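User: Please take one part of this model and look at it closely for me. I'd like to hear how its backbone and its surroundings fit together, and then what lies around it in the fold.

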Amino acid sequence: MGAGIAHIFLAAGSRVVLAEADAERAAAGAQAVAASLRKAQERGKLPAGFADAEAALTGLTTVDSLSAVPADTGLVIEAVPEDLALKQAVLSQVAAACPEAVLASNTSSLSITKLAEALPAERVIGMHFFNPVPVQALVELVHHAGIGADVLATVRSWAEALGKTVIEVRDSPGFATSRLGVAVGLEAIRMLEEGVASAEDIDTGMRLGYAWPMGPLTLTDLVGLDVRLSIAEHLERELGPRFTPPALLREKVARGELGRKSGQGFFTW
């Protein structure tokens, strides 16, 4: 997700600083961004203002410490794992280094209100991108009661400048997209678990019957079964048993069948 987010800002002509935990990870992150832009070039998807991916990459720098993020940074987007304390720690360090920056979280389910408690709340917003970021058209902006109206309007204009369509959602468990997407995904897993239909047929039914670009089980593989399990557990705590993860999902995660990133999920990749 971080590489994809960096990609779209570079493609829009922004200067991008990729911050990682150490030099090795920063180098790997830069390689991932470069690979993403080169793939876009191969598909003819680079903006007309760039001759090639290398031209877009001139706007990218890396740092291996959050304290090294430039003080004049206008927008920070964290894309670390779905752990509230971790996200607060990351954004707190950046807030100290960048006193004017908007502090955005790419979380797909965690409370923005709780995230903002340890931060300058008026500058905190949820900026939820979708995977793969360069391809997906949507950005979900999640606002809480303490956000500045000017901040919300500015972030919306930035997202639209990336060529994204924006929806605004009040902070609530799972927001709009994760809440609905996870509900359908969990039910698809239960259907597979109960032998209602094969994974292929469940997904084909949703693609052809409801015009989904991909079926819910393929999407779960793309997102990561471990990520979907974590979100489901969070929603179960917040919204009740209708989000209880199916046993099949837990079993697959326990076996390391995490989807595309591990090579095996509900499908073989």
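Analyst: Happily! Let's start with phenylalanine 175, which sits in the loop between β7 and α7. Please keep in mind that this is a predicted model. The backbone at phenylalanine 175 deserves a look, since the residue is not a glycine and yet has a positive phi, near 55°. For background, residues other than glycine mostly have a negative phi. As for its surroundings, phenylalanine 175 has a relative accessible area of 4%, so this loop residue counts as buried.

To see what phenylalanine 175 belongs to, it helps to begin with the nonpolar interior. The largest nonpolar core holds 32 residues, and Phe9, Val33, Leu37, Ile125, Met127, Phe129 and Leu141 have the most contacts inside it. At least two residues of this core come from each of α1 (2–11), β1 (16–19), α2 (23–42), α3 (53–57), β4 (102–105), β5 (124–128), β6 (138–143) and α6 (149–161). Helix α1 gives the largest share, five residues. Beyond its neighbours within four places in sequence, phenylalanine 9 is in contact with Ser14, Val16, Leu75, Ile77, Phe129 and Leu162. Our loop residue is found elsewhere: Phe175 is part of a second, separate core of 20 residues, which also includes Leu103, Leu115 and Val142.

On the strand side of the loop is the sheet. Its five strands follow the order β3-β4-β5-β6-β7, making an open sheet with mixed pairing. β3 (75–78) and β7 (165–170) are the edge strands; each has a single partner, so each has one side without a neighbour in the sheet. From one strand to the next, the twist averages 30°. β7, the strand before our loop, runs parallel to β6, and six bridges join the two. Within this pair, valine 139 stands opposite valine 166 of β7.

On the other side of the loop, the chain enters helix α7 (residues 177–193), where serine 178 is found. With a relative accessible area of 7%, serine 178 is buried. Leaving out residues up to four places away in sequence, serine 178 touches Ser108, His128, Ala183 and Leu235.

Helix α7 leads us to α9 (residues 216–223), because α7, α8 (199–210) and α10 are among the elements that cover the buried residues of α9. Six of the eight residues of α9 are buried, so the rest of the structure largely encloses this helix. Those buried positions are Pro216, Leu217, Thr218, Thr220, Asp221 and Leu222. Just after α9 comes glycine 224, with a positive phi of about 110°.

How do α9 and α10 meet? Their axes are 6 Å apart and the packing angle is about 100°. The two helices are therefore roughly perpendicular. On the α9 side the contact uses Pro216, Thr220, Asp221 and Val223, and on the α10 side Leu225, Val227 and Arg228. Sorted by character, the residues of this α9–α10 contact are four nonpolar, one polar and two charged.

Further along α10 (residues 225–239) is arginine 237. It counts as exposed, at 63% relative accessibility. Between the C-alpha atoms of arginine 237 and alanine 26 the separation is 35 Å, and the two residues are 211 apart along the chain.

Two loops elsewhere are worth setting beside the one we began with. In the loop between α8 and α9 lies alanine 211. Alanine 211 has a phi near 60°, a positive value in a residue other than glycine. Phenylalanine 175, as we saw, is buried, whereas alanine 211 counts as exposed, with a relative accessibility of 63%. The loop between β5 and β6 holds proline 132. There the backbone feature is a cis peptide bond, which joins asparagine 131 and proline 132 with omega about 0°. For comparison, most peptide bonds are trans.

Notes: Residues numbered from 1 in each chain as written. Predicted model: local features only at pLDDT ≥ 70, side-chain atom pairs only at ≥ 80, totals over all residues. Heavy atoms only, no water. Core = buried A, V, L, I, M, F, W, Y, C linked by side-chain atoms within 4.5 Å. Buried < 20%, exposed > 50% of the residue type's maximum accessible area, 1.4 Å probe, protein only. Helix = DSSP H or I, 4+ residues; strand = E, 2+ residues; numbered from the N terminus. Contact = heavy atoms within 4.5 Å. Pairing = 2+ DSSP bridges. Axes fitted to C-alpha atoms, helices over the stretch in contact; angles between N-to-C directions. Parallel < 35°, antiparallel > 145°, perpendicular 65-115°, else oblique. Nonpolar A, V, L, I, M, F, W, Y, C, P; charged D, E, K, R; others polar.
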